[in-house]
Amino acid sequence: MLVVGQIGKPHGIRGEVSVVVRTDEPEERFTAGSVFITEVPRDRRVSAGPAAAPAPGARYEVPRQLVLESIRWHQGRGIAVFEGVHDRNVAEALKGVFLQVDSADVAPPEDPEEFHDHQLVGLRVESADGTEHGTVQRIEHAPASDLIVLAKKGGGTALIPFVTAIVPTVDLRGGRIVVDLPEGLLDL
């Protein structure tokens, strides 16, 4: 699955939600009728805040799929309406939910220096001398730069800025990412 967005806060009282876009082709991915596979984040420390509990007396479960009814753009974010979401309480229950598409339906990037998250997850992370540090658990999209979430070989996780100075080589065929880590980065 390829994450293309994350639902943020409700916008108004009629079920609209803000959407943080995580794709380079928002006009292509976010069109009326688009179907997204949902995932409630396991890690509740998401940029949009934790998914809220349903309103008292209302039982709402996040559906496996959401169909986009409409979207408009405001200050770099989408304001979206999904089928079946027509009030603020339901919209509030969607906060933090990831919107995904099947990665098999997505063409590979044309730029050889560009990668989809799903291509990187599971790759070995090692130094140029062959020292293995662990594997890519996921990619976090922070405001300053993308971050590799490394599942460290000895246990635990570490964040590695996904910038050319630190990550000079991504070898998809070889199943590895070569890093040039500043001293102490994995100790943080």
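Visitor: Among contacts between residues at least 6 apart in sequence, what share joins residues at least 24 apart?

Guide: In this protein the share is 56%. Keep in mind that you are looking at a predicted model.

Visitor: Okay, and how many helices and strands should I look for?

Guide: Look for three helices and twelve strands. We'll visit a few of them as we go.

Visitor: What about the surface? How much area does the protein expose, and what part of it comes from carbon and sulfur atoms?

Guide: The exposed area is about 10800 Å², and carbon and sulfur atoms supply 48% of it. On the other side of the coin, 38% of the 188 residues count as buried.

Visitor: Let's take one residue. Is Arg29 buried or exposed?

Guide: The general idea is a cut-off: buried means under 20% relative accessible area. Arg29 has 14% relative accessibility, so Arg29 counts as buried. You'll find Arg29 in helix H1, which covers residues 26-29.

Visitor: Which residues does Arg29 touch, leaving out those up to four places away in sequence?

Guide: Arg29 touches Val4, Thr23, Ser34, Phe36 and Val106.

Visitor: Now for charges. Why can side chains of opposite charge pair?

Guide: They can pair when their charged atoms come close. In this structure there are seven salt bridges. One of them joins Glu16 and Arg72, with the closest N and O atoms 3.2 Å apart. That pair links distant parts of the chain: Glu16 sits in strand E2 (residues 16-21) and Arg72 in strand E4 (residues 65-74), 56 residues apart. As for Arg72, a relative accessibility of 38% makes this residue partly exposed.

Visitor: Which residues does Glu126 meet in salt bridges?

Guide: Glu126 meets Arg124 at 3.0 Å, N to O. Glu126 also meets Arg176, this time at 2.9 Å, N to O. Since Glu126 lies in strand E7 (residues 124-127) and Arg176 in strand E12 (residues 176-179), the second pair ties together parts that are 50 residues apart in sequence. Salt bridges that share partners then join Arg124, Glu126, Asp171 and Arg176 into one network.

Visitor: In that group, is Glu126 buried or exposed?

Guide: Glu126 counts as buried, because its relative accessibility is 9%. Its partners read another way: Arg124 is partly exposed at 29%, and Arg176 is partly exposed at 25%.

Visitor: Which residues form the negative surface patch?

Guide: To read a patch, look for like charges that gather within 9 Å on residues with over 30% relative accessible area and no salt bridge. Here the patch is formed by Asp24, Glu110, Asp111, Glu113 and Glu114. Take Asp111 as an example: its relative accessible area is 38%, so Asp111 is partly exposed.

Visitor: Where along the chain does Asp111 lie?

Guide: Asp111 is in the loop between strand E6 (98-101) and helix H3 (117-120). Pro108 lies in the loop between E6 and H3 too.

Visitor: Is Pro108 buried or exposed?

Guide: Here the cut-off to remember is that exposed means over 50% relative accessible area. Pro108 reaches 60% relative accessibility, so Pro108 counts as exposed.

Visitor: And what distance separates the C-alpha atoms of Pro108 and Gln119?

Guide: Those C-alpha atoms are separated by 9.4 Å, and the two residues are eleven residues apart along the chain.

Technical notes. Residues numbered from 1 in each chain as written. Predicted model: local features only at pLDDT ≥ 70, side-chain atom pairs only at ≥ 80, totals over all residues. Heavy atoms only, no water. Patch = residues over 30% accessible without salt bridge, like charges linked within 9 Å, V, L, I, M, F, W, Y side chains within 5 Å. Areas by Shrake-Rupley, 256 points an atom, 1.4 Å probe, with all protein chains shown as cover. Salt bridge = Lys/Arg side-chain N within 4 Å of Asp/Glu carboxyl O. Lys, Arg positive; Asp, Glu negative; His and termini not counted. Charge placed at Lys NZ, Arg CZ, Asp CG, Glu CD. Helix = DSSP H or I, 4+ residues; strand = E, 2+ residues; numbered from the N terminus. Buried < 20%, exposed > 50% of the residue type's maximum accessible area, 1.4 Å probe, protein only. Contact = heavy atoms within 4.5 Å.
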